[in-house]
Amino acid sequence: MQTLTITRPDDWHLHLRDGAALKAVLPHTVRQFARAIVMPNLKPPVRTVADAAAYRDRILAAVPPGQSFEPLMTLYLTDNTSPDEIIAAKNSQFVKAVKYYPAGATTNSDLGVTDIRKCDRVFEAMQQVDLPLLLHGEVTDHGVDMFDREKVFIEQHLIPLQQRFPNLRVVLEHITTSDAVQYVESASHIAATITPQHLLFNRNSLFQGGLRPHFYCLPILKREEHRSALLQAATSGNPKFFLGTDSAPHPRNSKENSCGCAGCYSALHAMELYTEAFERANALDKLEAFASFYGSDFYQLPRNSEQVTLTKTTWRVPDTVPFPESELVPLWAGQDMAWQMT
Ligand code: DOR
Ligand code: ZN
């Protein structure tokens with residue numbers, strides 16, 4: 001039997017939600033990952049160190065007994081975030097980054113930033129104390145085509161930001177285009193996370209025989225040439241590219257809806273999905289560093305010491321998993337997978 005044993009991985013971009021939803025999804029992440037960077041887009045968002053401390057306690061209380069998991073917290077940047085909050089975040093030890101959502105770009109981003117330049121004092125403080133900035137890298141202008149929003153964000157906002165703050169460490173989250181790959185490769189002080197859906201699927205999956213809401217996430221899936229550039233980057237051994245699932249649970253009825261929510265649920269089987277993508281690229285030897293080394297190196301945290309094993313065995317992704325008052329449809333529900341993590 002073919003097996004693959006690697007250092008226990010971490011998820012460097014994850015949505016855990018709160019309350020009963022948190023309790024439903026957290027065990028899936030804990031089964032696979034030792035740590036995760038937890039997104040702050042709750043309602044209301046996690047804006048202060050006090051909010052992050054309370055949310056962290058709720059996450060820790062939801063970890064199944066006998067298992068261990070370390071939530072790495074983030075703050076949600078608004079027009080009103082103060083430089084003092086950044087210093088407090090750095091001093092807290094448990095806040096590891098600050099997340100920038102352009103206002104209106106995605107789920108629960110209404111209180112996000114209306115103009116990136118409004119945050120320059122905050123970026124100055126982040127650069128000073130060396131707290132990384134995590135970017136949802138899409139412009140929100142309705143005049144910009146949906147499929148071009150990442151590329152235009154890089155040109156209009158990211159390049160000028162890096163010119164203003166050359167030592168600020170940045171993660172361009174869930175990259176979806178060859179433009180993002182090229183930019184991250186060429187610039188300094190920047191890394192990127194890549195999701196399983198952007199490695200495995202292109203935008204045709206959204207329309208395969210009909211409209212497929214469970215493939216809809218933001219940034220949206222792009223053309224095949226972009227998927228292939230992302231797979232090439234993820235399997236290249238370049239430490240600037242590392243794992244971040246962006247697993248984002250939404251109840252089934254909110255996805256299968258006349259105005260469906262953005263987000264793919266992959267926490268159930270994230271490592272199996274990544275392994276599938278890496279195997280298809282003949283790059284299983286590059287999986288461990290992508291999943292378990294480069295993220296912790298970027299965040300200047302120790303690598304995990306435990307190991308996990310993936311076994312080559314066929315199993316089927318369930319059609320649904322339980323979720324409060326509804327259910328979740330996992331990414332690639334009903335598909336046969338080739339690897340299973342034990
Ligand atoms: O698809 C997405 N879902 N993209 C995001 O940026 C947010 C996320 C969510 O929170 O549901
Ligand atoms: Zn996200």
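The legends below describe close-up views of a predicted model. In this predicted model, local features need pLDDT of at least 70 and side-chain atom pairs count only at pLDDT 80 or more, whereas totals for chains, interfaces and linings use all residues. Residues are numbered from 1 along each chain as its sequence is written, chains are lettered from A and ligands numbered from 1 in the order in which they are written, and side-chain values use heavy atoms, with hydrogens and water left out.

**View 1. The zinc ion (ligand 2) and its protein donors.** H13 (NE2), H15 (NE2) and D246 (OD) are the protein donors of the zinc ion, at 2.0 to 2.1 Å from it; donors are N, O and S atoms within 2.8 Å of the metal (3.2 Å for Na, K and Ca), and because water is not among the atoms, sites may look incomplete. Along the chain these donors follow the spacing H-x1-H-x230-D. H13 belongs to strand β2 (residues 11–14) and D246 to the loop between β9 (241–243) and α9 (252–255), so the pair ties together parts that are 233 residues apart in sequence. Helices (H or I, at least four residues) and strands (E, at least two) are DSSP runs, numbered from the N terminus. Both H13 and D246 are buried, where buried means under 20% relative accessible area, exposed over 50%, and partly exposed in between (1.4 Å probe, protein chains only).

**View 2. Two residues with positive phi, D246 and N282.** D246, although not a glycine, has a positive phi of about 55 degrees, and with a relative accessible area of 6% D246 is buried. N282, in the loop between α10 and α11 (287–298), likewise has a positive phi, near 55 degrees, in a residue other than glycine, but at 72% relative accessibility N282 counts as exposed.

**View 3. The largest nonpolar core, with F123 in detail.** This core has 101 residues, and those with the most contacts inside it are L16, F123 and L158; a nonpolar core is a set of buried Ala, Val, Leu, Ile, Met, Phe, Trp, Tyr and Cys residues joined through side-chain atoms within 4.5 Å. Helix α10 (residues 270–280) gives the most to this core, with six residues. Leaving aside neighbours within four places in sequence, F123 is in contact (heavy atoms within 4.5 Å) with L77, I116, L133, L161, F165 and L168. Apart from the largest core lies another, of 17 residues, among them Y76, L134, V171 and Y299.

**View 4. The largest pocket.** The volume of this pocket is about 310 Å³, and of the 15 residues that line it, the closest to its centre are R212, H214, F215, W332 and A333. On a 1 Å grid over the protein atoms alone, a pocket is an open set of points where a 1.4 Å probe fits, with protein on both sides within 12 Å along at least five of seven lines, and lining residues have an atom within 4 Å of a point. Grid points are joined across faces, edges and corners, and a volume is the space filled by probe spheres set on the points.

**View 5. Two cis peptide bonds, each leading into a proline.** The bond from K43 to P44 is cis, with omega near -5 degrees, and P44 sits in the loop between β3 (35–38) and α2 (49–62). The bond that joins L218 and P219 is also cis, with omega about -5 degrees, and P219 is found in the loop between α7 (196–200) and α8 (224–234).
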